[in-house]
Amino acid sequence: MSRGLDDADADALSALANAPPPSTSGNRKSHSQQLRTNTGTNFRRHPKHRKHSLDEASITAAMDGGFRNPSDEDDDHDFRPYATSDDAENQYSFFHADNDNNNNSSSDEHHPLSEFSAAGGGSGFFKAPSRSAVHPGRPTALELRPHPLRETQVGRFIRTIACTETQLWAGQESGVRVWNFCDAFEAGLGIGGRARRGDEDAAPFYESADTSPATCLMVDCASKLVWSGHKDGKIRAWRMDQQPIDDTPFKECLSFQAYHRGSVLAMVTSSYGDIWTGSENGVIKVWPWDSVEKSLALSTEERHMAALLVERSSIDLKIQATANGVCSIPSSDVKYLLSDNVKSKIWAAGSLSFSLWDARTRELLKVYNVDGQIENRVDASSEKDQPLEEESSVKVGSKSKKEKQGGSFFQRSRNALIGAADAVRRVATKGTGAFAAEEAKKTEALLLAYDGMIWTGCSNGVLVQWDANGNRLRDFHHHHCAVLCFCTYGPRIWVGYVSGMVQVIDLEGNLIAGWIAHNGPVIKLVVGNGSVFSLATHGGIRGWYISSPGPLDNILRPELSKQEHMYNTIETVKIMVGTWNVGQGKPSHEALISWVGSQATDVDILVVGLQEVEMGAGFLAMSAAKETIGVEGSANGQWWQDAIGMATGEGSSFVRVGSRQLAGLLIAIWVRKSLRTHVGDLDVGAVACGLGRTFGNKGGVGLRLRVYDRIMCFVNCHLAAHLEAVNRRNADFNHIYRNITFGRSINNASVSVSSTAQMLRPTNPLAINPDEGKPDLAEADMVIFCGDFNYRLFGMTYDEARDFVSQRSFDWLRQKDQLRAEMKAGRVFQGMREALFRFPPTYKFERGKAGLGGYDSGEKKRIPAWCDRILYRDNRSSPSSECSLACPVVASVWQYEACMDVIESDHKPVRCKFEVQIAHVDRSVRRQEFGKIFMSNEKIRSIREELQCVPEISLSTDKIVLQNQETCSLTITNRNNKEDAIFQILCEGLSAINDGEEPEYRHRGSFGFPRWIVVAPAVGIIKPGAVAEISIHHDDTHTSEDEGAQQYCHSEDTRDRLAILSVVIRGSKATANRSHQCHVHHRYSPKNTVQHEPSTKGYGSKKHQSSNHRSSAKHYDKFDDHHRSRHEH
């Protein structure tokens, strides 16, 4: 045992096997005395004395002379094809290539390098993810807008969508855009077309002129308008039927300023056609339809007048609900508005409270919190808005001066570091506990189901069912992530989560199905054209057939898979990865050129991982503190990035895409400009493995990005040091692999996703995707680990190791490599591969000393070791796997070498070049193939025809006459004995009757009812063979606005009035509908006029009195003739 070893190393070596090197001959010769020629048959003696002063030049000359160690043959016997045994955990193997006899560290010009593969990669978290041409785990979707790279969407992120039967509208940061469903299966506009980068593969669409960011959309089918609310407080109206000419951006037909201070956060049309809007600080305004209708009738030249007309008509309900300086409604932002057309009410939702309004009288009915508890008064400020304790009140450090006098310097430093980190963590997480529990209850989505129930989704994933009066009924919990959106169609409710999952439940809250719809939060779900469209935070839009999952998906999936050859494209990308433990030093420009600059000319992607960029107790404490509050980076880290950029041609050839630093660990990536269009969605992550898993002196930093729509992850690690710490190194890798989570910094938070919802997204992958339960790295198509892994050589002394290095007996030394032994046993880097390296150990050297004579010769005499390594995993399960959509990423190593001439650190830098084949989908072509199958397949056509069936119903009458304050009943009978009938009652037209004049029909927004009719319920579900009774009541009181205050009075209009009610029927799964008309005639009768005074209290509801049902045929001849002629046109 060498005297140069310290006690710890000596003890560890004594416990390790000191087996002799293998030999293929009976006469084993000393490895310190053997050299052989290229033929492997002629040997010559090497002098017995050790010569540690060999420099790199002499070694190179000797190798060029044709000498090679005979032990090279010994290791070659272990090279064999990839193991296929069922016992994957006990298998290890090499991917064999034809260049095994290559002595040089550089790659062969014609063949990739041989590779060693670790055991344990066939199952669990370490198994390569399954891929296919069509995703087998979810319904087949129409990709209206494929996932665009995030970097292409700056300033144009889509925030929301809305749907009609013929179009899908999207509100984005620069205005609105619209897709016509008739173009849904058309090819994308392609690169160089009118579409911007990121929209090349999207179905053809049209965009508006630039506006302030759109925050919400609302569809008004009656007026053929789409309304948009904007960040600048404006509301704009867009015509549905306009067709832009020559791709000219279209403009709004009406625009007015709704809020001067704040954004339009929510919009809804009430059952009476009025527009309700919500903004910041609890401000709710109503825009009466009569004023809006008049403004829409004005010409383009009169736009300014039209805007003023609408603006002056607004009713501020917050002012109305304020008395004696006390406001009865919450002051929190109105995030969601919902029109309850069943009971003619409006729900206004903040994060933690609701207010309930009468849609007709605009009275405040109720204010209550998310637990359903009534609040009589809501203060402007809540507990969560109270200032938190000052950071200065938190003492940094856990030890007094007297206490710090005891113990070793290491203990004092350790306690100081942990104390500083704990103090910062307490400041960063203050307010948790009860505050966090309240945050988890925040409302993130609101929905009216067809059975009249109201559903809300919470940040903690809870679905809450309410009745129409605001009473909390039941809770359901099917997923642990935050709910972000709802939509409903018939008896199904679709739920979108921050995890990217979409679930389908029934009206009783039972889970029907669920799948990962997007690889990002689902922020909006809408229904139209027989499909449910989902919008992800990255801007991708997919359409799911309304009956999914179902028989139609079972036909589409295999048929679309058969056409893989039509849309499969294979690209080749060259990647170079470099790793270097720089030991807190800064190299010369020449050293960086030698390491990466000289080799980057033919690569497309360059990734560099550095260790020990900066160390020291103070720096580590500050870094831990900054990490706790979401801040990272240092001046040294920036210097390194700039220096490497200069050495590799950043700006002219390469573009720096991103980086991540954790204390002394730094990883950065550069992409060639010609490839930049296909690379993006950069996310970063970091895991600390230092003291208490808190400090970044050890740990890992990673980057994740998409290359040709395939996910690649690069991780830079610095694992536990010292010869005996093998288990700690294994544990560090396992901790990094399982816990590294990729995401963006707080400055790049997801569009339209609340901070609470993002915060409550579980870090546990099992909670995000129960079916997979895998870490982020397990879902990547390619993973590359680089760094100072710190695995050493075992079973030999310092002098013996120096002997074998000087003789370049690397093949035998590899058998003493801890990392290879642990990989072979399946205890670390499971399933990953490493190319066969033929360069000297890269650790430990004396700074400034060149050649192999530079190995550590100090007191400790660290045994040389290959600490600095680069390993990878792609999609292959065997070496015979070819690149395809089922195995989309196939890589090979063409260069793996160390730069022995760089002397600025005690480690040598290492680089590795990969050639990567990537199979990806031409998403524009696949959408076309999808359309061909969907439209031409006979089985699919048959299923679609079945879904067109509408249940037969009958109305008790098609003519109703109402006197003043009279109530009549309309019954709807479902004559279908198998299927539910879903009904919705609209008002298609209304008119006043003037003697001697033909009725002039008009409609209100979204076919709202006239104010003299109360219809309840206007929406519902009728069971097979059952009957629904609809109350149709006349109310002759109306509201007039005088300087913002409402006054109730008796209507002085003595004319008869007519209304055409349309009962729209659809089946529970049908995509078609059928309408039935009922004509309502209000006959003015002064004898039956009743003075009605609505409730003046802040809460309560108006009660109507009923009278016997009366009907009359008078005045209907003219009414029917005009209605008939109107529909014939």
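**Sheets, cores and salt bridges in a predicted model**

Good morning. I begin with strand E21, where both faces are covered: Tyr336, Leu338 and Asp340 on one side, and Leu337 and Ser339 on the other, are all buried. In a regular strand the side chains alternate between the two faces of the sheet. Please bear in mind throughout that this is a predicted model.

Let me place strand E21 in its surroundings. It belongs to an open sheet of four strands, in the order E21-E22-E23-E24, with antiparallel pairing. The edges are strand E21, residues 336–340, and strand E24, residues 364–369, each of which pairs on one side only. From one strand to the next, the twist averages 15°.

Strand E21 is joined to strand E22, residues 345–349, by five bridges, and within this pair Leu337 stands opposite Ala348. The two strands form a hairpin with four residues between them, and in the turn Ser344 has a positive phi of about 55°. At the other side of the sheet, strand E23, residues 353–358, pairs with E24 over five bridges, again in the antiparallel sense. There, Ser353 has Asn369 of E24 as its bridge partner.

I turn to another sheet. Four strands, in the order E48-E50-E54-E52, form an open sheet with antiparallel pairing. Its edge strands are E48, residues 953–955, and E52, residues 1013–1016, and its twist averages 20° from one strand to the next. Three bridges join E48 to strand E50, residues 967–974, and Ser954 has Thr973 of E50 as its bridge partner.

Next, the interior. In soluble globular proteins, nonpolar side chains tend to be buried together. Here the largest nonpolar core has 60 residues, of which Ile669, Phe714, Tyr896 and Phe914 touch the most other members. Leaving aside residues up to four places away in sequence, Phe714 touches ten residues by name: Ile575, Val577, Val607, Ile667, Ile669, Val701, Gly702, Leu703, Leu705 and Ile784. Another core, of 57 residues, lies apart from the largest one, and among its members are Ala133, Leu484, Phe533 and Cys883.

Now the charged side chains. How many salt bridges does the structure hold? The total is 49. In one of them, Glu897 and Arg911 meet at 2.6 Å, N to O. This pair links strand E46, residues 889–898, which holds Glu897, with strand E47, residues 910–921, which holds Arg911. Are Glu897 and Arg911 buried or exposed? Both are buried.

A second example is Lys1023 with Asp980, whose closest N and O atoms are 3.6 Å apart. Lys1023 lies in the loop between strands E53 and E54, and Asp980 in the loop between E50 and E51, so the pair ties together parts that are 43 residues apart in sequence. Lys1023 is exposed, with a relative accessible area of 51%, whereas Asp980, at 16% relative accessibility, counts as buried.

A third pair, Glu559 and Lys562, meets at 3.4 Å, N to O. Both residues lie in helix H10, three residues apart, about one turn of the helix. Beyond such pairs, Arg145, Arg156, Arg177, Asp199, Glu207 and Asp210 are linked in a network of salt bridges.

I close with confidence. The protein chain averages a pLDDT of 80, and 76% of the residues score at least 70. Over residues 1039–1048 the pLDDT is below 50. It also stays under 50 over residues 1088–1129, for which the model has 86 contacts beyond four places in sequence. Thank you.

Definitions and conventions
Residues numbered from 1 in each chain as written. Heavy atoms only, no water. Pairing = 2+ DSSP bridges. Axes fitted to C-alpha atoms, helices over the stretch in contact; angles between N-to-C directions. pLDDT = per-residue confidence, 0-100. Contact = heavy atoms within 4.5 Å. Core = buried A, V, L, I, M, F, W, Y, C linked by side-chain atoms within 4.5 Å. Buried < 20%, exposed > 50% of the residue type's maximum accessible area, 1.4 Å probe, protein only. Salt bridge = Lys/Arg side-chain N within 4 Å of Asp/Glu carboxyl O.
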